[in-house]
Amino acid sequence: KGGIIVRLGAGDAAQLAALRANASYQVLGLDTDAARVARTRTALYDRGVSGPVNIEQLRGTALPFIDNLVNLFVADDLGGDVGDELDRVAVVD
């Protein structure tokens, strides 16, 4: 089985790459800091993992996913309204 893994506050390319257990998973980091996103995106490219491992800028509190898409959500701090979004985007088996 595979799926989508999301890391909130994902400014570290090594941490993002480590979340990809095998080729059946895609990892997406979300960070609010545009400069950190750009640096991490470059580092992912340099590591040769960009594509299946990527990072995007999070704007606001709405997570950019359809309902029931994310298999695993990793975060140090969910922060306010983002936590409410987990119920919507998390896969419930």
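This passage describes the fold, the nonpolar cores and two individual residues of a predicted model of a protein chain.

The secondary structure of the protein chain consists of 3 helices and 4 strands, and these elements follow one another along the sequence in the pattern β-α-β-α-β-β-α. The radius of gyration is 13 Å, which is close to the 12 Å that the globule rule gives for 93 residues, so the chain is as compact as a globular protein of that length. Taken along the principal axes, the box filled by the C-alpha atoms has dimensions of roughly 35 × 30 × 20 Å. When contacts between residues at least 6 apart in sequence are considered, 51% of them join residues at least 24 apart.

Of the 93 residues in the protein chain, 32% count as buried. The accessible surface comes to about 5,400 Å², and carbon and sulfur atoms account for 49% of that area. With regard to charge, the protein chain carries 9 positive and 13 negative side chains, and a distance of 8 Å separates the centres of the two sets.

The largest nonpolar core contains 13 residues, among which Val6, Leu8, Leu30, Leu63, Phe65, Val70 and Phe73 touch the most other members. Two or more residues of this core are supplied by each of the elements β1 (3-8), β2 (25-31) and α3 (81-89). A second core, separate from the largest one, is made up of 9 residues, including Ile5, Ala10, Val53 and Ile55.

Two residues were examined individually, beginning with Arg7. This residue lies in strand β1, and its relative accessible area of 8% falls under the 20% cut-off, so Arg7 counts as buried. Once neighbours within four places in sequence are left aside, the residues in contact with Arg7 are Gln15, Leu16, Leu19, Leu28, Gly29, Leu30, Val74, Ala75 and Asp76. One of these contacts, Leu30, is also listed among the residues of the largest nonpolar core that touch the most other members.

Ala90, by contrast, is placed in the segment after α3. Its relative accessibility is 25%, and Ala90 therefore counts as partly exposed, a class that lies between the limits of 20% and 50%. With neighbours within four places in sequence again left aside, Ala90 is in contact with Asn68 and Val70, and Val70 is itself a member of the largest nonpolar core. Ala90 and Arg20 are 70 residues apart along the chain, and their C-alpha atoms are separated by 18 Å.

Methods: Residues are numbered from 1 along each chain as its sequence is written. This is a predicted model: local features need pLDDT of at least 70, side-chain atom pairs count only at pLDDT 80 or more; totals for chains, interfaces and linings use all residues. Side-chain values use heavy atoms; hydrogens and water are left out. The radius of gyration is taken over C-alpha atoms; the globule rule is 2.2 Å times the number of residues to the power 0.38. Buried means under 20% relative accessible area, exposed over 50%, partly exposed in between (1.4 Å probe, protein chains only). Contact means heavy atoms within 4.5 Å. Accessible areas come from the Shrake-Rupley method with a 1.4 Å probe; for residues, only the protein chains shown count as cover. Lys and Arg count as positive and Asp and Glu as negative; His and the chain ends are not counted. The place of a charge is taken as NZ of Lys, CZ of Arg, CG of Asp or CD of Glu. A nonpolar core is a set of buried Ala, Val, Leu, Ile, Met, Phe, Trp, Tyr and Cys residues joined through side-chain atoms within 4.5 Å.
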